[in-house]
Structure formats: C-alpha cells, structure tokens
Amino acid sequence: MTVMSYLGAIGAAQREAMESDDRVVIIGEDVEANVYGTTGAGKSRQDKGDFLQMFGANRIRNTPISEEVIVGAAIGAAMTGLRPIVDLSYSSFLYMAMDQFVNQAAKNRYMFGGQASLPVVFRSAMFYGLNTGAHHSDRPYPMFMNVPGLKIVVPATPYDAKGLLRTAVDSEDPVLTFEACMLWGSKGEVPEEEYRIPFGQAKIARAGDDVTVVAISSAVPEALAAAEAFAEEGLSVEVIDPRTLVPFDAETVVSSVQRTGRLVVADPAHRTCSAAAEISAIVAEEAFASLRAPIVRVTTPDTQIPFSPALEKQLYPSRAGIADAVRRVVGFAPADDAARERLASR
C-alpha cells in the first residue's frame, strides 16, 4: 500500500490503463499540459507533460473547446476500436453535449443491435463548494441516472477513485465519473499493484446498528465525522458509500435499513429528483415494514448556487446537517450551538 491523493489516484489509474492497453487514449481540454494533475507521471502538479512524453501525441490529445465535438469524437473512436478516457473538466460543461450523451452514447449499442460497443469513460469534476458561481458548480449526476445505457460513478476516496476508474476503462458501456474537487486533495492508502472495484458494490464505510446513513461523494467524509461524534454519545451509526449510482447496490442499503430501522440519505445534488430521492423510494418500497421513523434526506436546496462563499457554504450536506437528521430519526434532543461548533471543527 502507498499513501496517495485522490487526484494522484486518478492519474495512477490512467497511467496503468494506458500502459496495459495501447487502445486507451486520453482526450480533452488541455490534457497535454497536465493542468489539473491527472496526466502527469509524477506526484506533483509541477510534473508537466509527463503523459505526453510517455505515450506520445497520438494518445494524449488536446481538443477544441467544444464539448459536443469532444463527446461525439470519443463516441466514434470507441465504436471503431479505441477506449477513450475523456476529460471534460467542469461537470457543468456536460450540458453542451447532452444530445451526444443521451441519443448517441447511451443508445448506440441498442440501436446497432449489440453489434457495436461503447468503451468510453467521461470524467468530469464537480467544483461545488469552491465559489465558482452558478455556471460552474452543478452536481448533475441525477440527470444522467435517468438515461438508460449510462453507468454513473461517484468515488469518494483515493482507493475508490483508482479502482473504479480501472473498472470504467474495462467497461464495454459508456461510463460517467463525477469527482468532487473538494476531495481531490484528500489522501488515503492505495494498493501499489493493479486492482479493480466492481460496479454496483457499495462500501460500508463505518458499521453501525442504530441508524443507516447513505452518503454520496463529498458527503461521505461529513457523514463519517458525524458518526464518530455520535459514537461518543453511545449512538451507533452505519455509513454506506454506494460508490456507483448506476448500477446501484440496493441490497446492501436495504439490508442495513432492515437492521437499523432508520435511514438518512446525504446527497450534494439538488433535492428534487435527486439520487437521495431514488434511494429513499427504493427503501420505502423494499423495507417499509422495517422503518421505525420517516426517511430523512439531507440535500442541496432547489436553488441556484451563489458566488458568495458565506452563502454557498450553507447549502451542501455538512456534518452538522447530517447529525441533525440523525437526531431527528432517532429521537435525540436537538444539538445546541456549542455542540454544532464542536462538530464543525472536527
């Protein structure tokens, strides 16, 4: 095992994939320059251009700043023998290529009667919580969950970021990975050897008996911090990270709720038609008799994202917000201001 950052894990996964299969190519905006640090062979963002030197200009290709062109070209490349990894930078930019995603990437394997496969990975970064304004702060994975034919990946740790990306490159279907930029600098242990994490296999990030918290993306560390604080009060909180939303591991979540009888879902996306809404519906259908309290969702309100740091900070699921939801489903007394400040400082 080696300690690696989330961003470094993505770079390592891409390097391994390119070394093991010469059909793997990386295309996107400024990938030759290693702007975000995922196309450099070293561990530093100052290691500019390493992938370009290692694999050459035929496999590391800058593209025009046109998402529709980038996605369309990647789909064609995938259907004719390559395995592209597409760096689309901000996830909000995916909207410019919606027709390519929805009518081409998602449907072509079906439309061609299974004669063509779509082994393409679309990476995008969610820059929410970083004061980038309404045009650059979206978390659009729930929209794409509604498109049959697309696989949706939301890694929350360096270990998962690397293992899930390796699985994504191997997939014969189009995969969209959504990375929370606030997690890029987080570090964790990652195996030095190659490994893969199967899609549709949730991770129990913390075992517990009294309440289940399903947390997505950047909500995972917030939920773990809340769970640790509750342990000091004698409350056992189970935290589940689904890791992939399509396919979704309903069995692990339902089994947990059947034991705990309570569910909180923490999802950084907007509340309406969110992943949290779908997960809540699944549990309501399959484990209703086990519920001892109403399901509670902790999400971002249905509002545009303000540029103001002070305003934006209040919108997303936080450890304090998750803790309040847990208290609500368990029946604990509401936390006072001092307790909230202690939790926020963890």
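Q: Which strands make up the open sheet, and in what order do they sit?
A: Keep in mind that this is a predicted model. The open sheet has five strands, and reading across gives S9-S11-S10-S13-S14, with mixed pairing. At the edges you'll find strand S9 (203-206) and strand S14 (296-300), each pairing on one side only. Direction ignored, neighbouring strands of the sheet are turned by 25 degrees against each other on average.

Q: In what sense do strand S10 and strand S13 pair?
A: Take S10 (residues 211-215) and S13 (residues 263-270): they pair in the parallel sense, over four bridges. You can look up a single bridge too: Thr212 has Leu263 of S13 as its partner.

Q: Which helices lie on this sheet, and which strands do they touch?
A: Try helix H8 (residues 219-231), which lies across S9, S10, S13 and strand S11 (237-241). Against S11, H8 runs at about 170 degrees. Then there's helix H12 (residues 319-330), packed on the sheet and touching S10, S11, S13 and S14. The direction of H12 makes about 165 degrees with that of S14.

Q: Is Thr260 buried or exposed, and what is it in contact with?
A: Thr260 has a relative accessible area of 0%, so it is buried. You'll find Thr260 in helix H9 (residues 250-260). Skip its neighbours within four places in sequence, and the contacts of Thr260 are Gly208, Asp209, Asp210, Val211, Thr212 and Arg292.

Q: How should I read a nonpolar core, and which residues touch the most other members here?
A: The general idea is that nonpolar side chains tend to be buried together in soluble globular proteins. In this model, the largest nonpolar core has 108 residues, and those touching the most other members are Phe101, Phe122, Tyr141, Leu176, Phe178, Val237 and Val326. Helix H1 (residues 6-20) gives the most to this core, with eight residues.
Val237 is a good one to click on: beyond its neighbours within four places in sequence, its contacts are Arg206, Ala207, Gly208, Val211, Val213, Ala227, Phe230 and Val326.

Q: How do helix H3 and helix H4 pack, and which residues make the contact?
A: Helix H3 (residues 67-79) packs with helix H4 (residues 98-105) at an angle of about 20 degrees, and their axes are 8 Å apart. Angles under 35 degrees count as roughly parallel, so H3 is roughly parallel to H4. From H3, the contact uses Glu68, Val71, Gly72 and Ile75, while H4 brings Gln100, Phe101, Gln104 and Ala105. Sorted by class, that contact has four nonpolar, three polar and one charged residues.

Definitions and conventions
Residues are numbered from 1 along each chain as its sequence is written. This is a predicted model: local features need pLDDT of at least 70, side-chain atom pairs count only at pLDDT 80 or more; totals for chains, interfaces and linings use all residues. Side-chain values use heavy atoms; hydrogens and water are left out. Axes are lines fitted to C-alpha atoms, for helices over the stretch in contact, and angles run from 0 to 180 degrees between N-to-C directions. Helices (H or I, at least four residues) and strands (E, at least two) are DSSP runs, numbered from the N terminus. Angles under 35 degrees count as roughly parallel, over 145 as roughly antiparallel, 65 to 115 as roughly perpendicular and the rest as oblique. Contact means heavy atoms within 4.5 Å. Ala, Val, Leu, Ile, Met, Phe, Trp, Tyr, Cys and Pro count as nonpolar, Asp, Glu, Lys and Arg as charged, and the others, Gly among them, as polar. A nonpolar core is a set of buried Ala, Val, Leu, Ile, Met, Phe, Trp, Tyr and Cys residues joined through side-chain atoms within 4.5 Å. Buried means under 20% relative accessible area, exposed over 50%, partly exposed in between (1.4 Å probe, protein chains only). Two strands pair if DSSP finds at least two bridges between them.
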